[in-house]
Every structure is written in structure tokens, then in C-alpha cells.
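Subject: Structure handover

Hi,

Here is the structure I promised to send. Please open it alongside this note.

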Amino acid sequence: RGLEKFSATSSKCTERTSVALRSFLPALVSFRADISKRHKAAQQVLQKGAELLSQTAHASELWEQTQQERLLLSECHTTVAFMENLEVVNGTDSLTGGDGQ
């Protein structure tokens, strides 16, 4: 008799568990789909971030190169001004090698 009661109780528990799992399954499938969508969106954001980071690094390199070229241009202007001052003092054309007269 005890075994029959246990069997009946076990059967009811199994049936209730089965019903609960069947009702829970659609929510679980929906949750998985939502997580999958969010994962894809996060991957796209990360990819875009990596692209922007690469562009920023390239822009930084260009900025550094521009600053170096600006410094070089400034040095050229300084050299030309110095040579022009020498021409005034010496009365010669240092850029062409002539005597300026």
C-alpha cells in the first residue's frame, strides 16, 4: 500500500514538473533569443568601437606628423630670415651666391 501511495505521489510530481517545464520553456526560448540579439548588438558596438579607435590612432599619427612638419617649416623660415639678415649685413645674396650689387 505504501508503495502504491509513493507511486501515485511520484506520478503527480512528475506530471506537475512536466507542466511547469512546458510553461517555462517558451519563456526560456524567448530569453535565449533576446540574449542572442543583445550579443550580436554588443559585437557590432565593439566592432564599431575598434574601427573608431583605429581611426583615432591614425588621426593622432597624422597630427604628430603635421606638428613635425610645422616645426620644420618654422625652422626653414628662421633659417631664411637669418640668411636675409646676413645679406643685409654683408651686402651679398646668400641664396644665389651673388654679391647683391
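Below is what turned up, from the whole chain down to single residues.

Please keep in mind that this is a predicted model.

Overall form. The chain has one helix and zero strands. Its radius of gyration is 41 Å, whereas the globule rule gives 13 Å for 101 residues, so the chain is more spread out than a compact globule. Along the principal axes, the C-alpha atoms fill a box of roughly 130 × 20 × 15 Å.

Surface and charge. Just 1% of the 101 residues count as buried. The exposed area of the chain is about 9200 Å². Carbon and sulfur atoms supply 61% of that area. The chain carries 11 positive and 12 negative charges. The mean positions of the two sets lie 47 Å apart.

The helix. Helix α1 covers residues 2-90, which is 89 residues. Does its length fit, and what should it span? At 1.5 Å a residue, α1 should span 132 Å. Its end C-alpha atoms are 125 Å apart, which agrees. There is a kink of about 30° at Phe-24 in α1. The proline Pro-26 follows shortly after that kink. Just after α1 comes Gly-91, with a positive phi of about 70°.

One residue in detail. Leu-21 sits in helix α1. Is Leu-21 buried or exposed? Its relative accessibility is 52%, and exposed means over 50%, so Leu-21 counts as exposed. Ile-35 is 14 residues from Leu-21 along the chain. The C-alpha atoms of these two residues are separated by 20 Å.

Best wishes

Conventions
Residues are numbered from 1 along each chain as its sequence is written. This is a predicted model: local features need pLDDT of at least 70, side-chain atom pairs count only at pLDDT 80 or more; totals for chains, interfaces and linings use all residues. Side-chain values use heavy atoms; hydrogens and water are left out. Helices (H or I, at least four residues) and strands (E, at least two) are DSSP runs, numbered from the N terminus. The radius of gyration is taken over C-alpha atoms; the globule rule is 2.2 Å times the number of residues to the power 0.38. Buried means under 20% relative accessible area, exposed over 50%, partly exposed in between (1.4 Å probe, protein chains only). Accessible areas come from the Shrake-Rupley method with a 1.4 Å probe; for residues, only the protein chains shown count as cover. Lys and Arg count as positive and Asp and Glu as negative; His and the chain ends are not counted. The place of a charge is taken as NZ of Lys, CZ of Arg, CG of Asp or CD of Glu. The expected span of a helix is 1.5 Å times one less than its number of residues. The bend at a residue is the angle between axes fitted to the seven residues ending there and the seven starting there.
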